[in-house]
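Trainee: Could you take me through one part of this model up close? I'd like to look at the pockets and whatever sits around them.

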Amino acid sequence: LLLENGLRQAIERQQLSLVYQPQFTLAEYRLTGFEALLRWQHPELGMISPAEFIPIAEKNGFIMPLGEWVLATALRQQARWQQQGLPATLMGVNVSAVQFRHPRLGEQIRMLLAATEVPAQQLELELTESVMMDNPQRTVAVMEQLNLLGIHLALDDFGTGYSSLSYLKRLRLARLKIDQSFVRDLLIDEEDRTIIGTIISLARNLGLQTIAEGVESREQLEMLRTMGCDQAQGYHLGRPLSAEQATELLLGRR
Ligand code: G
Ligand code: G
Ligand code: MN
Ligand code: NA
């Protein structure tokens with residue numbers, strides 16, 4: 001209850017912020033974009049993880065204004081970088097299943113893109129496999145609508161949830177995000193290696209890009225490169241950065 005009440009005030013009291021984790025190509029180690037990750041600095045409880053408060057926001061309906069704040073903040077950051085003449089990058093934004101199901105999401109995104117003048121193809125929504133669970137037909141329809149806006153869609157935590165391969169073919173995805181649970185023991189667990197190899201060849205066959213999450217060592221990075229994974233993110237490549245730190249990273253790459 002403490003979190004639930006606090007969450008409603010968190011936006012106006014400016015306790016929320018985004019951090020930006022960089023993403024790189026494995027072939028050339030080129031910076032391609034950032035994943036925006038939400039942070040809540042609570043006055044008494046300290047830093048609270050979105051893993052804790054997103055489920056609460058999903059239940060009490062606050063997820064729509066919260067999600068709008070995240071999208072608006074991430075796109076405003078993109079617009080600022082654009083105005084500074086920095087290289088164009090992709091911004092990945094996590095979208096919960098409840099947000100995805102909401103009939104207003106498409107319109108919300110269309111308005112925010114128009115207001116910030118960020119090109120649609122620089123925004124990627126990260127969806128989890130759970131969006132497909134309740135109504136696959138409806139999911140395909142919503143994704144087609146979002147695609148018409150010109151934004152990219154990625155499937156997050158891929159391999160951990162329910163994914164019907166027949167629907168995967170029909171979904172208009174740009175990327176599969178290989179879940180960090182498979183990357184963690186990649187070097188010592190042959191089964192994890194097999195799963196990652198299978199995801200990479202599946203993606204190839206469907207014409208999708210792959211990005212590995214949670215890369216924490218150079219050895220993991222090299223293995224993923226050898227296996228033909230396209231991109232990666234993780235503590236070895238870069239921790240989630242403040243807006244200022246991310247700007248510095250972009251300035252260095254100009
Ligand atoms: O960054 P961190 O490891 O704390 O994120 C924990 C979980 O919260 C992850 O599953 C991540 O996808 C999710 N998450 C982070 N930011 C957002 C956000 O803005 N919206 C939603 N829906 N989930 C987020
Ligand atoms: O569910 P999603 O993939 O969006 O969650 C991303 C989460 O993983 C974020 O909470 C982020 O802080 C965290 N993360 C990012 N890079 C690494 C990493 O290299 N190792 C670990 N353990 N977590 C990471
Ligand atoms: Mn994610
Ligand atoms: Na993930």
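**The pockets and the metal site**

Mentor: Let's start with the second largest pocket: helix 3 gives the most to its lining, with five residues. Keep in mind that this is a predicted model. Strand 1 (16–25) and helix 12 (243–253) also each supply at least two residues of that lining. Among the residues you'll see there are Leu16, Tyr20, Trp69, Arg76, Arg80 and Glu244. By class, the lining comes to five nonpolar, four polar and three charged residues, around a space of about 230 Å³.

Now swing over to the largest pocket, which holds about 1000 Å³ of space. It has 39 lining residues, and the closest to its centre are Glu35, Leu37, Pro50, Asn94 and Asp156. Helix 3 (63–83) turns up here too, giving two or more residues to the lining, as do strand 2, helix 2 (50–60) and strand 6 (152–158), among others. The class split for this lining is 15 nonpolar, 13 polar and 11 charged.

Some of those central names come back at the manganese ion (ligand 3). Its protein donors are Glu35 (OE), Asn94 (OD1), Glu126 (OE) and Asp156 (OD), at 2.1 to 2.4 Å from the ion. Along the sequence, the donors follow the spacing E-x58-N-x31-E-x29-D. Glu35 sits in strand 2 (residues 31–42) and Glu126 in strand 5 (residues 123–128), 91 residues apart, so the pair links distant parts of the chain. Both of these glutamates, Glu35 and Glu126, are buried. Asp156 does double duty: it bridges the manganese ion (ligand 3) and the sodium ion (ligand 4), and the two ions lie 4.3 Å apart.

Conventions: Residues are numbered from 1 along each chain as its sequence is written. Chains are lettered from A and ligands numbered from 1 in the order in which they are written. This is a predicted model: local features need pLDDT of at least 70, side-chain atom pairs count only at pLDDT 80 or more; totals for chains, interfaces and linings use all residues. Side-chain values use heavy atoms; hydrogens and water are left out. Donors are N, O and S atoms within 2.8 Å of the metal (3.2 Å for Na, K and Ca); water is not among the atoms, so sites may look incomplete. Helices (H or I, at least four residues) and strands (E, at least two) are DSSP runs, numbered from the N terminus. Buried means under 20% relative accessible area, exposed over 50%, partly exposed in between (1.4 Å probe, protein chains only). On a 1 Å grid over the protein atoms alone, a cavity is a set of points where a 1.4 Å probe fits but cannot get out, and a pocket is an open set with protein on both sides within 12 Å along at least five of seven lines; lining residues have an atom within 4 Å of a point. Grid points are joined across faces, edges and corners, and a volume is the space filled by probe spheres set on the points. Ala, Val, Leu, Ile, Met, Phe, Trp, Tyr, Cys and Pro count as nonpolar, Asp, Glu, Lys and Arg as charged, and the others, Gly among them, as polar.
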